[in-house]
Amino acid sequence: MSTLIDDIGELVTNEPELGDGPLGIVRDAALVLDEGKVAWVGPAGRAPAADEVYDAAGRAVLPGFVDSHAHLVFAGERAEEFAARMSGRPYSAGGIRTTVARTRAATDDELRANLRRLVDEMARQGTTTVECKSGYGLTVADEARAVRLAAEVADEVTFLGAHVVPPEYADDSGGYVRLVSSEMLAACAPHARWIDVFCERGAFDEEQTRTVLEAGVKAGLTPRLHANQLGYGPGVALAVEYGAASADHCTFLTDEDVAALAGSGTVATLLPGVEFSTRQPYPDARRLVDAGVTVALATDCNPGSCYTSSMPFCIAVAVRDMRMTPEEAVWSATAGGARALRRTDVGRLGVGARADVLVLDAPSYLHLAYRPGVPQVTDVWKTGVRVRS
Ligand code: NIG
Ligand code: FE
């Protein structure tokens with residue numbers, strides 16, 4: 001079934017050759033979706049016939065958001081921990097173990113229901129590509145279950161057995177790293193594309209990170225890394241050294257880190273919701289963009305450091321508090337996310353792209369940052385199928 005989206009006031013294509021600026025903006029446009037792909041882009045009123053017609057009535061249309069960093073396989077929540085942080089307690093990665101205990105105790109169907117609820121919540125807000133990590137199981141069986149369940153609903157699955165050292169290995173982190181790099185990896189690799197490590201003081205150090213990344217690469221996975229979230233450290237340099245698709249967080253960066261990212265194929269994925277929810281300083285997006293680093297924006301949706309699923313919220317914070325322009329933030333939440341996942345089929349609306357489309361109840365993408373907190377995403381298609389109307 002083909003769909004013509006007509007009378008688009010402002011179409012963001014992210015294809016500079018199709019329109020103005022880096023967002024490739026076409027005014028008074030139309031779009032035809034067919035067989036899950038964009039089949040035609042051109043001026044309003046000139047499109048070929050389609051099975052159904054949707055009248056965008058002069059509103060803005062964008063590629064669906066690409067959320068390239070989320071932890072959605074978990075049970076329970078940690079609202080009390082958030083409240084304590086707002087009263088001054090610092091964020092600690094130790095809270096992850098609370099969610100690990102709840103997740104291990106949950107049934108497959110409970111985890112599945114929570115996962116679907118979150119993916120639906122994301123879709124209603126315009127997210128059409130979701131990356132999902134394991135990391136709240138931390139046993140061979142629980143991590144294997146996490147990647148298997150994630151693969152049922154997410155576009156991209158990441159094995160994050162190296163999230164924290166679980167309590168039963170508290171005195172033997174080396175033993176846990178060996179488990180992650182052998183039996184656990186073997187059980188998880190068939191369901192995942194990516195290998196991730198939380199490289200941070202209190203989680204995994206440089207040597208441990210190397211061990212896990214090297215085992216992951218041998219098992220056919222591609223690295224992405226949690227790096228430099230809570231302090232300066234080796235994470236970003238390792239991400240670049242191992243050719244990671246992305247270094248995520250990037251809150252504490254030296255000049256060397258920025259230079260390494262700028263000269264690499266590694267995207268810096270910034271997660272504004274985390275600093276919002278932990279009261280940490282925001283990453284310096286301006287410094288990265290000005291240095292020529294490719295920047296993505298993602299939610300990091302998880303029950304601890306950031307429980308938002310909203311890409312529009314992340315765009316608004318990135319513009320207001322991280323000094324990104326609205327144009328840069330929207331690019332980073334769509335095309336940037338696609339780069340962080342090494343995907344060429346999403347995050348853009350040229351012919352042949354996946355038919356992932358959102359309609360804003362606004363005349364321009366500018367309204368995403370201009371009207372924070374307002375639910376402006378009205379209609380969404382994923383692979384040409386309406387997921388929100
Ligand atoms: O990306 N930093 C490590 N992992 C998550 C937080 C997980 C949690 O607090 O439950 C993150 O922020
Ligand atoms: Fe994360």
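**Ligand shell and annotated binding sites**

The shell around ligand 1 is made up of 5 nonpolar, 8 polar and 1 charged residues. The model is predicted. In total, 14 residues surround ligand 1, and the closest are Ile-96, Phe-198, Asn-302, Gly-304 and Ser-305. UniProt, in an unreviewed entry, carries "binding site" annotations for Tyr-136, Asn-302 and Gly-304, and also for His-69, His-71, His-226 and Asp-300.

**Tyr-136, Asn-302 and Gly-304**

- The residues of this annotation, taken from the unreviewed UniProt entry, are Tyr-136, Asn-302 and Gly-304. They are spread over 169 residues of sequence but cluster in space, with a largest C-alpha distance of 11.2 Å.
- Tyr-136 sits in the loop between β7 (127-133) and α4. Tyr-136 counts as buried because it has 31 C-beta neighbours inside 10 Å, where the cut-off is 20 or more.
- Leaving out residues up to four places away in sequence, Tyr-136 touches His-71, Val-73, Phe-74, Thr-99, Val-100, Thr-103 and Ala-146.
- Gly-304 is in the loop between β14 (295-297) and α11 (311-321). With 25 other C-beta atoms within 10 Å, Gly-304 is buried.
- The contacts of Gly-304, not counting residues up to four places away in sequence, are Arg-78, Glu-81, Gly-95, Ile-96 and Thr-99.

**His-69, His-71, His-226 and Asp-300**

- A "binding site" annotation from the unreviewed UniProt entry covers His-69, His-71, His-226 and Asp-300. These residues span 232 residues in sequence, but no two of their C-alpha atoms are more than 12.1 Å apart, so they gather at one spot.
- His-226 belongs to strand β11 (residues 225-227) and is buried, with 30 other C-beta atoms within 10 Å.
- Not counting residues up to four places away in sequence, His-226 touches Asp-196, Val-197, Phe-198, Cys-199, Glu-200, Gly-235, Asp-248 and His-249.
- Asp-300 is located in the loop between β14 and α11. Asp-300 is buried, as 27 other C-beta atoms lie within 10 Å.
- Apart from neighbours within four places in sequence, Asp-300 is in contact with His-69, Ala-70, Leu-271, Gly-273, Val-274, Ser-305 and Cys-306.

**Helix α2**

- In helix α2 (residues 96-105), the buried residues are Ile-96, Thr-99, Val-100 and Thr-103. They lie on the same side of α2 because they cover an arc of only 110° around the axis.
- An α-helix has 3.6 residues a turn, so residues three or four places apart point the same way.
- The buried residues of α2 pack against α4 (140-153).
- Among these buried residues, Thr-99, Val-100 and Thr-103 are touched by Tyr-136, while Ile-96 and Thr-99 are touched by Gly-304.

Methods:
Residues numbered from 1 in each chain as written. Chains lettered and ligands numbered in written order. Predicted model: local features only at pLDDT ≥ 70, side-chain atom pairs only at ≥ 80, totals over all residues. Buried ≥ 20, exposed ≤ 12 C-beta atoms within 10 Å, placed from the backbone. Helix = DSSP H or I, 4+ residues; strand = E, 2+ residues; numbered from the N terminus. Arc of directions from axis to C-beta. Contact = placed C-beta atoms within 7 Å. Near = placed C-beta within 6 Å. Nonpolar A, V, L, I, M, F, W, Y, C, P; charged D, E, K, R; others polar. UniProt positions renumbered as here; feature names shortened; annotations may be inferred.
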